[in-house]
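Here is a guided walk through one protein model, written for someone who would rather think about side chains than about file formats. Keep the structure open beside the text and look up the residues as they come.

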Amino acid sequence: MRSLVRAGLLSLSVSLSLFSGGAADAFVWPNVPERIARSLASPDVSERRAAAPRIGELPSELGIPLAQRALGDPDVEVRLSAAEAAIALRLPRAGDLVIGWLGEGDARLRLAACDVIRSSPTDRSVVALGRVLGDPDSKVRVAAASAMGSSGLPDAVSPLLGHLDDSALEVRVEVARALGRLADPRAVVPLIGKVQDAVPEVRRAVARSLGELGDARATSALMIALQDGSQDVRVEAVTALGKLRSDEATAAIAPLLEAGSGSDAVLAPSMPGVRPGQGSAGAGEVRAAALRALGRIGSESAVRALIGALAKDDPSAPRSPVREALVMAGKSAAPQLVTVLSGSPSPSTAAGAALVLGALGAKEGLDPTVRAMQRGVLPLKHGLRALALLGSSEALPAVLELLSDADPTVRREAIRAASELLDPARPDGRAVDPARAMLLDAATPPDEKIELVRLLGRTGSPRAHDVLLPLATTKSRSFRLAVLEALGAYAPAPPKVEAVLLDAIADDAADVRLAAAASIARAGGPSAAVKLLERLQVAAEQDRGAIGLALAGALSRATDPALAERVGAALPSSPDVARDALLEGLGRMRGEASGKVLRKFVASGIDDRRKVAEALAGHPEAASVLVPLLGDADPGVRANAAWSLGAVGKKDTVSALTRAVTDPDVAVAGNAAGALGRIAAREGAASDVQASLCRAATDPRPYVRANAVVAVGLAGASCEPGLVMSLLQRDRSEAVRLAAAEALWRDVSRAQTGKDLERRALARCTGEDRNAAVANRCARLPVRTPGTDDVLVFVAPDGKDEPLSRAPYALVREDGLLRMGIADRRGAFFEFAVPKGTIRLAVPAQLAR
């Protein structure tokens with residue numbers, strides 16, 4: 001992904017087959033709300049029953065009043081449907097409207113009331129749930145406990161504590177879980193008393209909740225639970241001890257690292273109803289949980305135990321729970337790892353220690369790693385991987401020495417390591433001569449030669465040109481493509497490199513033309529732009545796409561006003577396949593002259609206006625032109641204008657974007673919310689955007705909510721207490737929960753200390769969210785690479801390799817913001833200054849739920 005981003009050319013796929021269905025669901029005929037309202041007022045109960053399920057399909061401003069009315073209907077079926085609608089529409093203070101249902105004779109109504117209160121809790125409704133904990137139906141008691149735990153209200157604690165001994169095990173489980181979610185210290189001692197409950201499911205829930213409460217008083221009880229007869233309970237107990245970060249527990253946890261090798265026989269004395277080894281978790285899961293716990297504890301003794309586990313670890317595995325745990329322990333583990341490498345460890349231990357030092361970025365591990373490789377203690381291929389992870393250019397000489405090693409595995413690893421240690425933006429010619437020697441060696445396998453060519457490109461050294469240029473016309477297609485790619489690593493490219501790339505862009509083979517175009521886009525300068533513009537007028541249609549791609553990139557390094565005028569003059573007669581590339585190039589071209597040319601096309605056709613609104617993100621001086629485009633008749637133009645204002649707008653554009661947040665088109669509203677966050681972060685205008693963003697965080701459209709939540713975090717603003725945590729816990733949209741996790745981590749990282757409620761919310765999400773992406777985002781603070789890239793994205797249907805013209809898209813950036821809109825006539829869109837890292841396409845906004 002990093003190499004593609006640096007290239008500025010990226011093709012992503014999204015399943016556009018979804019467009020055939022579902023889009024109609026978002027459209028509501030104007031007479032439908034009136035028909036539903038009339039049916040709900042009908043004396044015919046069957047007509048009301050038929051209408052009630054449709055309330056949730058309506059927009060919130062139309063559906064909420066009807067849901068409120070239907071909640072008071074005398075018919076049970078109508079009320080049940082209204083409850084589902086109230087949850088779907090996020091009806092404000094809905095919990096107060098169903099308090100009376102808690103005393104109804106029909107258990108379905110009592111269950112529905114609990115669900116409504118869970119989705120929209122209020123002080124009154126949560127207090128009322130306390131009485132339902134004595135309901136004769138255990139399912140109702142479970143639902144009540146779950147709703148109380150989700151409420152976050154202290155008033156829920158006392159009633160729940162009174163039902164820890166409920167006769168139904170499922171109720172005891174839910175009560176224990178609820179107490180953990182509420183994070184109230186009053187629950188610690190009563191929960192400790194339930195660690196030895198007769199039922200494993202209850203003991204498991206109790207252990208998890210004690211971990212969430214984070215109170216050191218639970219340490220001894222949890223250490224006893226490590227010897228439980230249920231593997232599931234042991235997993236939760238050791239996980240909880242890791243959350244407590246108590247070094248006192250290290251000695252008890254360390255033996256669990258031997259789980260799976262006979263330790264399963266070491267179990268607690270038998271308990272009523274419990275068989276030894278009972279539980280769904282295996283011994284491997286107990287061991288994995290123990291590793292994570294020791295990594296969290298991170299003490300000297302915990303690190304020592306983890307290092308001991310490296311002896312049985314497989315250093316060839318791409319991922320290792322042992323190494324990940326040591327990385328989790330942090331830089332404090334580095335001194336012991338260095339000591340290990342300086343001694344005489346086993347090959348596995350040495351490899352693991354070096355790889356962890358590399359992953360930690362511990363520069364003090366460089367010399368010990370190299371010496372261990374030289375002494376034969378550390379296997380060379382693993383040592384090379386460790387040096388690559390370390391990322392220090394000081395490691396390059398040791399890596400280059402192994403380019404000619406007799407072992408092909410070591411040679412390939414050395415090439416990969418050298419490539420990762422080099423950055424074309426910082427020319428470094430040390431690798432040129434060793435790579436040249438291997439390329440000229442007839443014994444070097446073809447696949448290694450291709451990687452050596454790419455390595456030469458990574459050097460950024462002009463001396464590499466003499467090696468690469470003669471190879472640009474080789475007959476081997478794969479070898480030639482690698483050479484063309486390597487030549488594009490130098491920016492700006494010297495004239496002799498430009499000449500070779502310009503020749504290749506006229507090649508008969510499409511993949512050669514594309515590779516040359518991508519390299520010119522990365523490295524071509526003004527002279528290449530002039531020649532490409534001339535070619536564009538006479539090129540065959542199949543060549544214009546590649547020429548346009550190359551020209552747009554080359555224009556980004558040009559400033560000549562005369563060239564900008566020439567591009568503008570060529571636009572009216574250019575075909576669609578090149579027209580968007582020219583507009584994009586003017587956006588990427590520096591100076592006011594190109595922005596002035598762009599403004600001439602503001603009143604052109606819809607496709608031109610969309611591209612101009614996107615391209616103006618490259619011209620801060622033209623921000624005032626974008627504001628009127630927020631009122632364009634086409635939503636695609638408005639969406640691009642809103643997003644571009646996020647890149648170039650100042651405080652004086654906040655009011656216009658605030659209005660755009662309420663736009664009926666979801667892409668426009670979502671982009672405007674994201675733009676407000678970006679402007680506020682840049683201009684220090686948190687107070688100017690806070691109110692509108694907090695309102696947007698409750699918008700019925702999920703992508704608008706998601707962008708608003710991320711934007712609040714970017715701006716350094718804050719909404720009402722608990723709003724973001726509530727979205728993380730209750731929102732049905734994966735995008736919104738991801739955004740809430742992003743915002744909470746941003747809040748926690750800014751504060752450094754405190755923020756216990758936010759940390760607990762993230763911990764609960766990690767353990768409970770059913771979506772793996774959300775759980776992973778909640779699990780750890782995202783590690784961000786500083787800097788930005790300009791990226792061209794092609795939107796291709798899932799399973800296809802051709803982009804789709806005018807396809808709707810939603811791009812998820814590394815900072816969590818979503819950009820929404822419609823691709824241009826090529827099926828592409830351009831993103832200025834996207835944060836470095838992973839980007840991906842999500843379901844288009846119109847289909848998101």
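The report goes from the nonpolar cores to helix packing, then to salt bridges and a few backbone details. Please keep in mind that this is a predicted model.

**The nonpolar cores**

Let us begin with the inside. The largest nonpolar core has 286 residues. Within this core, L160, I253 and Y703 have the most contacts. In soluble globular proteins, nonpolar side chains tend to be buried together.

Y703 is a good residue to select on screen. Leaving out neighbours within four places in sequence, Y703 is in contact with V666, A735, A810, L818 and M820, and also with A842, V843, P844, A845 and A848. Another core, of 11 residues, lies apart from the largest one, and V793, V795, L811 and I839 are among its members.

**Helix α23 and its cover**

Which residues of helix α23 are buried? In this helix, which spans residues 380-390, they are H382, G383, L384, A386, L387, A388 and L390. The cover over these buried residues includes α21 (347-360), α22 (366-375), α24 (396-400) and α25 (408-421). Just after α23 comes G391, with a positive phi near 75°.

**A helix pair: α45 and α47**

Next, turn to helix α45 (residues 734-751) and helix α47 (residues 772-779). Their axes are 9 Å apart, and the packing angle is about 5°. Angles under 35 degrees count as roughly parallel, and α45 and α47 are therefore roughly parallel to each other. On the α45 side, the residues that meet α47 are E734, R737, L738, A741, E742 and W745; their partners in α47 are A773, V774, R777, C778 and A779. By class, this contact has seven nonpolar, four charged and no polar residues.

R737 deserves a closer look. This arginine lies in helix α45, and at 11% relative accessibility R737 counts as buried. Not counting residues up to four places away in sequence, R737 touches L727, L728, D731, R732, D769, N771 and V774.

**Salt bridges**

How many salt bridges does a search of the whole structure find? There are 67. Three of them are listed here.

| Acidic residue | Basic residue | Closest N to O distance |
|---|---|---|
| D197 | K194 | 2.8 Å |
| D580 | R825 | 2.8 Å |
| D607 | R806 | 2.8 Å |

For the D197 and K194 pair, both residues are buried.

The salt bridge between D580 and R825 reaches across the sequence. D580 lies in helix α35 (residues 576-588) and R825 in the loop between β4 (818-822) and β5 (828-835), so this pair ties together parts that are 245 residues apart in sequence. Are these two partners buried or exposed? D580 is buried, with a relative accessible area of 0%, and R825 also counts as buried, at 13% relative accessibility.

D607 and R806 also meet in a salt bridge. Here D607 belongs to helix α37 (residues 606-615), while R806 sits in the loop between β2 (788-797) and β3 (808-812), so the pair ties together parts that are 199 residues apart in sequence. R806 is partly exposed, with a relative accessible area of 39%.

There is also a network of salt bridges to trace. It links the acidic residues E584, E614, D815, D824 and E831 with the basic residues R588, K611, R813, R819 and R826.

**Backbone details and one long distance**

Most residues other than glycine have a negative phi. Two arginines in this model are worth checking with that in mind. R90 has a positive phi of about 55° although it is not a glycine. This residue lies in the loop between α5 (76-88) and α6 (94-97), and R90 is partly exposed, with a relative accessible area of 33%. R245 likewise has a positive phi, near 55°, and is placed in the loop between α15 and α16 (250-253).

Helix α15 (residues 231-244) also holds D232. At 11% relative accessibility, D232 counts as buried. How far is its C-alpha atom from that of V32, 200 residues away along the chain? The two C-alpha atoms are separated by 51 Å.

Technical notes:
Residues numbered from 1 in each chain as written. Predicted model: local features only at pLDDT ≥ 70, side-chain atom pairs only at ≥ 80, totals over all residues. Heavy atoms only, no water. Buried < 20%, exposed > 50% of the residue type's maximum accessible area, 1.4 Å probe, protein only. Helix = DSSP H or I, 4+ residues; strand = E, 2+ residues; numbered from the N terminus. Contact = heavy atoms within 4.5 Å. Core = buried A, V, L, I, M, F, W, Y, C linked by side-chain atoms within 4.5 Å. Axes fitted to C-alpha atoms, helices over the stretch in contact; angles between N-to-C directions. Parallel < 35°, antiparallel > 145°, perpendicular 65-115°, else oblique. Nonpolar A, V, L, I, M, F, W, Y, C, P; charged D, E, K, R; others polar. Salt bridge = Lys/Arg side-chain N within 4 Å of Asp/Glu carboxyl O.
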